Amino acid sequence: MPANIWRRMPSFYSLAGSECMKCSSLYFPASKVCKKCGSQEISERVFEGAGEVVTYTVVRQGFNDDSENEKLVCNSPYIISIVKLMEGPMVTAQMADCEPEEMKIGARVKAVFRKISEEGEEGLIRYGYKFVLA
Amino acid sequence: MKDVGIAGYGAYIPKFRIKVDEIARSWGRDADSLKKSLCVNEKAVPGIDEDSATMAVEASKHALSMGKVQGSSIQALFIGSESHPYAVKPTATIVAEALRLSRGLFSADLEFACQAGTSSMQIVYSMIKSGMIGYGLAIGTDVAQANPNDALECTASAGSASMLLGSENILARIEATYSFTTDTPDFWRRQNQPYPKHGGQFTGKPAYYRHIVECTQKIMEMTSSRPDDFAHVVFHQPNGKFPVEAARMLGFTERQTQNGLLVREIGNCYSASSLIGLCSVLDEAESSQRILLVSYGSGAGADGFVFEATGLLPEARKSFMKVKDMMKNTVYLPYEKYARQSKKYA
Ligand SMILES: [Zn+2]
């Protein structure tokens with residue numbers, strides 16, 4: 001588990017994706033090969049975090065834990081939305097500080113740094129991005 | 001020697017609030033007498049997924065962006081808190097990674113009750129002054145803990161403030177800093193205990209007032225200042241009464257303290273309390289106005305700072321939201337939801 005968290009830190013912590021140096025295509029999460037032109041000349045690209053809601057769903061039942069002891073840190077029900085970043089790529093993420101009745105397709109959002117999950121009281125805390133209404 | 005000062009600043013206050021009326025109602029206590037004795041009406045409550053690290057990241061994004069400084073230029077990060085998420089695993093590592101700071105980084109977590117944020121600022125200031133580093137971040141951040149039905153529950157809140165210090169493009173120059181420290185047992189929490197204990201009445205005279213007054217008098221002497229030399233004065237704000245009374249004792253007027261006094265609306269955010277007050281003062285200060293900041297940490301100590309706002313301040317803050325505007329978009333919680341959100345009864 002620690003290795004798994006550690007490896008994904010750049011993308012989870014700061015929305016670090018990638019940019020193709022040949023055709024400028026942007027990817028999140030990062031892609032080692034450009035899916036458009038096949039180039040492997042790729043550099044890291046950190047996205048601003050501003051975007052808008054393309055669609056969303058309200059999860060009212062049971063948390064879908066990644067593993068047996070990893071518990072999501074969020075209210076119930078919680079909202080998952082697909083956000084189109086200002087730069088183009090789409091990101092699926094949880095909403096924070098937001099009730100289902102406040103959600104709207106097209107709503108402007110911005111990324112914030114929050115607790116995502118915890119491995120119980122003794123284990124690691126996983127941090128990462130969620131979105132709040134802007 | 002070169003000037004060192006604040007090159008950018010940022011505050012973060014969570015969106016949620018609970019009213020003292022609501023806390024009093026749920027425990028069957030008299031709200032009016034609580035509000036009167038504490039001079040606090042409501043307090044900020046963190047979201048379920050917020051902690052001292054996440055709030056520090058948000059405050060620091062603001063500070064870096066105002067200073068137009070890339071994370072990769074930051075060479076020191078010190079974080080003061082009494083609610084670091086881990087007992088062992090530095091908050092500074094998490095915040096540095098989230099902000100993509102330089103890997104060549106001097107950093108540590110500090111704890112000195114509510115004073116550790118300003119202590120962080122003294123360390124970063126010294127490193128820049130001595131030429132060790134160019135830019136550094138000093139943060140005060142806390143999710144304050146209080147035993148349910150303790151009077152402390154009406155004030156213990158959450159927030160974060162981040163100060164970007166440097167020696168170029170300074171918005172407020174640091175003229176002097178001083179600290180006053182004694183062993184005064186007014187407030188403590190033993191290892192592995194969830195909530196702190198406090199000495200009731202003892203937290204006033206020998207603790208808060210003595211340290212604030214001694215520290216203020218000394219730093220005014222060091223800088224040959226009189227009370228009316230300061231346009232703005234900020235003291236640590238454990239409640240709405242202490243800082244107002246301390247200001248009165250030292251000869252300051254309400255006009256000097258009003259911009260930085262936020263405790264009535266947000267509560268006591270511990271290590272972030274006086275620094276968020278400072279951010280709010282920096283939102284208003286005019287060029288060449290002088291600012292006095294004195295924090296207080298139980299146990300006990302006080303850190304004093306004297307700043308002078310520069311001509312760059314009004315322009316630099318222009319496109320950023322003021323602290324007092326950040327405080328407007330709030331959601332009030334009923335006690336049950338507040339208790340669940342702050343994991344009082346998990
Ligand atoms: Zn390409």
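Modeller: pLDDT is the predictor's confidence in each residue, from 0 to 100. On that scale, chain A of this predicted model averages 92, and 94% of the residues score at least 70.

Biologist: Good to know! How is chain B rated, and what does the predictor give the complex?

Modeller: Chain B has a mean pLDDT of 96, with 99% of its residues at 70 or more. The complex gets an ipTM of 0.95 and a pTM of 0.96 from the predictor. As for the ground rules, in this predicted model local features need pLDDT of at least 70, side-chain atom pairs count only at pLDDT 80 or more, and totals for chains, interfaces and linings use all residues, while side-chain values use heavy atoms, with hydrogens and water left out. Residues are numbered from 1 along each chain as its sequence is written, and chains are lettered from A and ligands numbered from 1 in the order in which they are written.

Biologist: Which elements of chain A have the lowest and the highest mean pLDDT?

Modeller: Helix 1 (residues 2–7) of chain A has the lowest, 82, and strand 2 (residues 26–27) of chain A the highest, 98. Chain A holds 2 helices and 9 strands, where helices (H or I, at least four residues) and strands (E, at least two) are DSSP runs, numbered from the N terminus. Both helices come ahead of the strands in the order α-α-β-β-β-β-β-β-β-β-β.

Biologist: What makes A:Ser11 buried?

Modeller: Buried means under 20% relative accessible area, exposed over 50% and partly exposed in between (1.4 Å probe, protein chains only). A:Ser11 has 19%, so it counts as buried. A:Ser11 sits in helix 2 (residues 9–14) of chain A. Leaving aside residues up to four places away in sequence, A:Ser11 touches A:Ala16, A:Phe28 and A:Tyr129, a contact being heavy atoms within 4.5 Å. Across chain A, 46% of the 134 residues are buried.

Biologist: On to helix 7 of chain B: which residues are buried there, and how do you know that they line one face of the helix?

Modeller: The buried ones are B:Phe242, B:Pro243, B:Ala246, B:Ala247 and B:Leu250. Seen down the helix axis, they fall within an arc of 130 degrees, so they line one face; the arc is that of the directions from the helix axis to the C-beta atoms. They pack against helix 6 (204–222), strand 11 and helix 8 (254–257) of chain B. Just after helix 7 of chain B, B:Gly251 takes a positive phi of about 90 degrees.

Biologist: Why is a space called a cavity, and how many does a search of the whole structure find?

Modeller: On a 1 Å grid over the protein atoms alone, a cavity is a set of points where a 1.4 Å probe fits but cannot get out, and lining residues have an atom within 4 Å of a point. The search finds 4 cavities of 30 Å³ or more. The largest has a volume of about 50 Å³, the space filled by probe spheres set on the points, which are joined across faces, edges and corners.

Biologist: Which residues line the largest cavity, and what classes are they?

Modeller: Among them are B:Val233, B:Phe235, B:Pro243 and B:Leu261. Strand 11 (232–235) and helix 7 (242–250) of chain B each give two or more residues. By class there are 6 nonpolar, 3 polar and no charged residues: Ala, Val, Leu, Ile, Met, Phe, Trp, Tyr, Cys and Pro count as nonpolar, Asp, Glu, Lys and Arg as charged, and the others, Gly among them, as polar. The second largest cavity has 4 nonpolar, 2 polar and 3 charged lining residues, including B:Glu82, B:Asp142 and B:Arg189.

Technical notes: 1 Å grid on protein atoms, 1.4 Å probe; cavity = no way out; pocket = protein on both sides within 12 Å on 5 of 7 lines; lining within 4 Å.
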